4 protein chains.
Amino acid sequence: MSTVRKEIGIGLVGYGFIGKVHTMGYLTLPFYYENAPYKVKLSGIASRSEDNRNRALFQAGYNFASEDYLELMERNDIDVIDCCTPNKLHKPVALAAMKAGKHIYCEKPLARNVEEALEMARLAKETGVKSKLAFHYRFVPAVMRAKQLIEEGALGEVFNFRAAYLHSGYIDPNRPMSWRLLKEESGGGALFDLGSHILDLMRFLLGDFEEVQANLETFIKERPAAGNPTQKLKVDVDDLVIMQVRMKNNSLGTIEASRVATGTNDELRFEIHGNRGAITFDLMEPNWLKFYDATEPGKPIGGRRGFKKIETVQRYPEEPVFPGPKFAIGWIRYHIASQHDLLASLVEDRASLGATFEDGLRIQEVMAAAEKSAETGSWIKVERNIL
Amino acid sequence: MSTVRKEIGIGLVGYGFIGKVHTMGYLTLPFYYENAPYKVKLSGIASRSEDNRNRALFQAGYNFASEDYLELMERNDIDVIDCCTPNKLHKPVALAAMKAGKHIYCEKPLARNVEEALEMARLAKETGVKSKLAFHYRFVPAVMRAKQLIEEGALGEVFNFRAAYLHSGYIDPNRPMSWRLLKEESGGGALFDLGSHILDLMRFLLGDFEEVQANLETFIKERPAAGNPTQKLKVDVDDLVIMQVRMKNNSLGTIEASRVATGTNDELRFEIHGNRGAITFDLMEPNWLKFYDATEPGKPIGGRRGFKKIETVQRYPEEPVFPGPKFAIGWIRYHIASQHDLLASLVEDRASLGATFEDGLRIQEVMAAAEKSAETGSWIKVERNIL
Amino acid sequence: MSTVRKEIGIGLVGYGFIGKVHTMGYLTLPFYYENAPYKVKLSGIASRSEDNRNRALFQAGYNFASEDYLELMERNDIDVIDCCTPNKLHKPVALAAMKAGKHIYCEKPLARNVEEALEMARLAKETGVKSKLAFHYRFVPAVMRAKQLIEEGALGEVFNFRAAYLHSGYIDPNRPMSWRLLKEESGGGALFDLGSHILDLMRFLLGDFEEVQANLETFIKERPAAGNPTQKLKVDVDDLVIMQVRMKNNSLGTIEASRVATGTNDELRFEIHGNRGAITFDLMEPNWLKFYDATEPGKPIGGRRGFKKIETVQRYPEEPVFPGPKFAIGWIRYHIASQHDLLASLVEDRASLGATFEDGLRIQEVMAAAEKSAETGSWIKVERNIL
Amino acid sequence: MSTVRKEIGIGLVGYGFIGKVHTMGYLTLPFYYENAPYKVKLSGIASRSEDNRNRALFQAGYNFASEDYLELMERNDIDVIDCCTPNKLHKPVALAAMKAGKHIYCEKPLARNVEEALEMARLAKETGVKSKLAFHYRFVPAVMRAKQLIEEGALGEVFNFRAAYLHSGYIDPNRPMSWRLLKEESGGGALFDLGSHILDLMRFLLGDFEEVQANLETFIKERPAAGNPTQKLKVDVDDLVIMQVRMKNNSLGTIEASRVATGTNDELRFEIHGNRGAITFDLMEPNWLKFYDATEPGKPIGGRRGFKKIETVQRYPEEPVFPGPKFAIGWIRYHIASQHDLLASLVEDRASLGATFEDGLRIQEVMAAAEKSAETGSWIKVERNIL
């Protein structure tokens, strides 16, 4: 324990569901990464809810709480602003943080539209702070392994893929209106909420998008107001997006995001076919990456060719892995790995797999192209803004 | 055995791979359907290959063989012409058969284009013969059960689906040229060969297509001539088609057919989400239909809600089922059930699940719309020809 | 077609369910094995049922039928006697056949007890005829591949295994009495009917048994008489057997056979763990052998280590494979491969994977040890009779 | 936040791997159970390792640390002693705790033998403290649901089951000696380490054991000393146990525990067949309980009968569930639920699913019977000690 660890103070904005997830992540980091070069301090919280401020102070142990996130920006004991607000606030929070010289970790999607995203990514570049997005699925061991295999050439030239992120939570027409169902608050529906994740993953694995053809659909067009079931409010975002995409590497794919996929829980999945191999993954079976090596002999009687469930389980590169590589993991674990990636990269000069604001901008550009395609019914090139 | 069974004489055209499959089907029908109201007679075969004619005569037991399929049309002992030729010959064979008053069972797709298909379907209507297509996947027990569940309303309103038929057989660029790779012979590539099957299934389950948006891709653009590897021939059909479709019932779906999907064998699959339930199926696990009933209670601790692998195994409606409902079945079995459906419908006044020439025409219209969309990049309404 | 094929005449005894299965197998052999060195002739059938004799003659095309199986023994056009009777008749039929110089293909288990089996195996040895058993699961491609992998040393030293054959058909206490539930007719219950199969497979894969410890259980102790539901008859065979076994190779395993395993259809499965690898198989997913190679690197992030679903599908060693290696197969297919193995071995000097009467005797000895152990509650060495 | 929560002070003994797991559990409880009626205080730690004491103090935030666990017993701010030591110390730690009036939460198995366990369970009864064991697999949602289904009668009369807990971590003969491989330290090998878990689960689900027949096997009989590879030490515990068991409810089962099951990670699984239904579970797919309802109609074409993957995911009875019921969970989660069960039961008068010292004693009695059976080769009745 003679190691010197750098203390990193966290200021978290928004202590709703995802703010609690991130907070729990910070508290458990010392177990998963016992020898990490940093030490986290829960310095401050900003939330408009008194109850949440109290929970943050007395359950989680934050040192300071305020209604106003700007107060966090002024504090010297805060190094990183973690933005867990509704999408609408991502920009003002992030800009304030960066202007105050804080590093920033932001929930996805980066913003409500390309304009906001561009402003954020540009300021990140100008200020030189670390700007990261919680595209935490990059940190599923199976996804990390998939990226390695693709980079090693194990798939060869990629021809075709299909990917989807499927939820069923909005299938009930009586689920009340919320900020995720209002374009003004969220920027978009399934495309923004779930689509941003799966788009980021496919770009993480296969590189940039060239063009998209998309369809956005709202099946349940109005919903009761929260707390007032008789009042019906108009839903102005999509329940479902289906896309055809062409990547810069010339592969063709279909991508889908749905909040009304009956029978699914949290089903993010992809299948990628190359001329040398293939991989498939499903987040509801997160412990395995399925890999097919087409160069293996198929004779006699099948030889050794077939889809292999690589036991990625909790095989993170860090060693020792806590609580052990063989134990099945779940959704919380990728958040923790994503937060570790951010924090370690603040201290050490190390490669980071985490998404940056620039990555967030690129996804925003793809989503904008999808929206435009859905309006026009035709293929739309993804426009790339210069930072 | 005092039952009177009607003898039905078969004249089969084309004794290649699929002709042999059908022939084996006819020979095994008396076992699977012991009490069927018909008795099959292998009356005649037409093939240009002497070797195949001899095999048909001496291995399978056909009574008559000819190089010229027209000779079959003249024979009184033939009731049904079974057309197992390359696509190019479907029209001339079927027209000749129908003109001769024969019933017709034709391999898929119906023809090379809508014009051919329309002529065939119209003649079928005029002559009143039974005209059927070997869309045999309708006869997988799991598919039959899926249709029942949808018709019972078990899925409720269908929102969204995805379907694919994936092969990998053409991934090797050294696989030589063949009729399936020439538009003149086949009418099309993956779209025609595999796509016609999956399109028929989705129409069988969900009703007619309204519009499509499609992309056709040829990854391997030339291939060696058969028997002359140094000669390279141009491939003028698709290896892959990906489509977005909107059905008349307003559901949105993605449909894909590929001959270059590394890692797959014979993977026809679909997933359909409605607001009351969902179903999924994969032909490489043919013994089960997965069904999710969203109306079941989900509490406590999951209640009884979840995807159920309905054990459709060999649960055909006919009883007794041979060799027994519990035994795993495979690809051959659906052909046999499809042939039984045809033959029984010739003898008994019974509903038939088998596809007709009109069904074949409808699929041809969808494929034509897909081709047009692939050219223009935009959504194309499926044009419906009047019979 | 200038190939000379040897004609082999079949005389089949017992045209019930399994007799029909074998017959259908003979009829389809020319399709699956187009270039086989033999030609099958359905020469004669013996059955006590007039209806079955008629079906055999007029549906299947046997040339001759008799009530008395001894008549088959006298016919010169019969080379092979295929015994599809209840177990009680295996011995008299097989002895008569062998004495008449016929080859013999017998359904499993070989006999009702070791004494009968020994007499049969000894006569087979004396007469030198080919004597085979329908342990057709040896001919599942996945099982054939498993055997190869074990012989190649891919599992290393085998430590432990578990195997089971699970049916649920007798769970209903109203299922009436039949010969399979009477020791006098069958020799035993789940142990004989299903256990013989799984015991044969484990011996096929792992070699001889050293000792066993077994428990036999009859859960449903009486059943209604067939055709007279009010009359209750005593069941004197087991519904379930569970065994611990030690093989001569020192591996330890559990083996189970059940007719009352709710939720199963035809679930024969095994898992074998060695110090270099492991394999698992389930007959309800017959197209895949799962193989784990422990010598593959497990780093980084899982490396390439994991269970692989080797796509054994229809990858029989014979080529070309009909109807093609990629098509899912089912239960009927292994019978056909087993029958081909027998017939080809009659004509060609080739290795045969099929079980012999001696193999059948060895399984009978294991079953006898299991019965003795169930009585005494202790481990029993498997006694090996000298032929 | 006006709720009054009772503060519960934890004193943890042994800050190795499992001590850290428990500690992380305590820290995250306020997130998973936001409205719990207790508040945890990490009061004290005892560990012989200075490094671990420092980690506990400075990473986890314990208030006090000592080399000597007896110091914890004297502190007033400690309500619960959590014993995470090697098995050998369970008895002295637990006795000291109970004598000091502390509640006790102990890692499994309860002790090294029945004598120790009996003394512990008796003192628990005498003192009336809460005495619990970390049989945390009881708190997998799928297991909790399985228990409910069995209690509801959804399986009917249970006939047969099979259960196993399979690890592969000791397959490498070069893995060095450790306390888990020494009977003096651990009490036993796979039987004690893994077997205790699976035995507890089967008893949790099916009730008490009547008799067992067991085999213990040590495949790797010596191992290198830790830190001195050339020194070989004798392993005196089992790598593998296979058992046949008869429960008091008359069901028959096989139970297995292995540390050398190549190809497995953390594979605890069970299958239970009753005359009305069946359930299966596998810890490496922890989000689902598979349930088969044999009373559902099987017609037509399979009806609605089949194994259903009940989506137990994170469907704990407590609501709201954090971070949400749809998110896949892993191994850590069951520990947290087990700890919550203990702490809530200290504060509220509520039923607890957690195992008590008496439950631990019953498992110890089964393990003792298994050891005796392994020596004698025969069935051994499980002796039940009176508390």
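This passage walks through how the chains of the model are arranged, from whole copies down to single residues.

The model is a predicted one, so local features are taken only at pLDDT of at least 70 and side-chain atom pairs only at pLDDT 80 or more, while totals for chains, interfaces and linings use all residues. Residues are numbered from 1 along each chain as its sequence is written, with chains lettered from A and ligands numbered from 1 in the order in which they are written.

Let's start with the copies. Two copies of a chain are related by a rotation about an axis and a shift along it. Chain B lands on chain C after a rotation of 180° with 0.0 Å of shift along the axis, at an RMSD of 0.0 Å. The pair is thus related as by a two-fold rotation axis. In chain B, B:Gly330 has the C-alpha nearest that axis, 2.4 Å away. For these fits, copies are superposed by least squares on the C-alpha atoms of residues with pLDDT of at least 70 in both. Chains A and B also superpose through a rotation of 180° with 0.0 Å of shift, again with an RMSD of 0.0 Å. Here the C-alpha of A:Ser378 is the one in chain A nearest the axis, 2.5 Å from it.

What about the surfaces that meet? Two residues are in contact if their C-beta atoms, placed from the backbone, lie within 7 Å. On that basis, 33 residues of chain B touch 33 residues of chain C. Helices α1 (17-32), α2 (50-60) and α9 (331-347) of chain B each give two or more residues to this side, and α1(B) gives the most, with eight. Helices (H or I, at least four residues) and strands (E, at least two) are DSSP runs, numbered from the N terminus. By class, this side of chain B has 19 nonpolar, six polar and eight charged residues. Ala, Val, Leu, Ile, Met, Phe, Trp, Tyr, Cys and Pro count as nonpolar, Asp, Glu, Lys and Arg as charged, and the others, Gly among them, as polar. For chains A and B, 100% of the interface residues of chain A are also interface residues in chain B, so the copies meet through the same surface.

Inside chain A, an automatic or database domain assignment gives domain 1 (6-136) and domain 2 (140-317 + 356-376). Their C-alpha centres lie 26 Å apart, and 19 residues of domain 1 are in contact with 18 residues of domain 2. On the domain 1 side, α5 (114-127) and β6 (131-133) of chain A each supply at least two residues, with α5(A) giving the most, six. That side has 12 nonpolar, three polar and four charged residues.

Chain B also holds an open sheet of seven strands with mixed pairing, in the order β3-β2-β1-β4-β5-β6-β17. Strands pair if DSSP finds at least two bridges between them. At the edges sit β3 (64-66) and β17 (355-356) of chain B, each paired on one side only. Strand β2 (38-46) of chain B runs parallel to β3(B), joined by three bridges, and B:Ile45 stands opposite B:Ala65 in β3(B).
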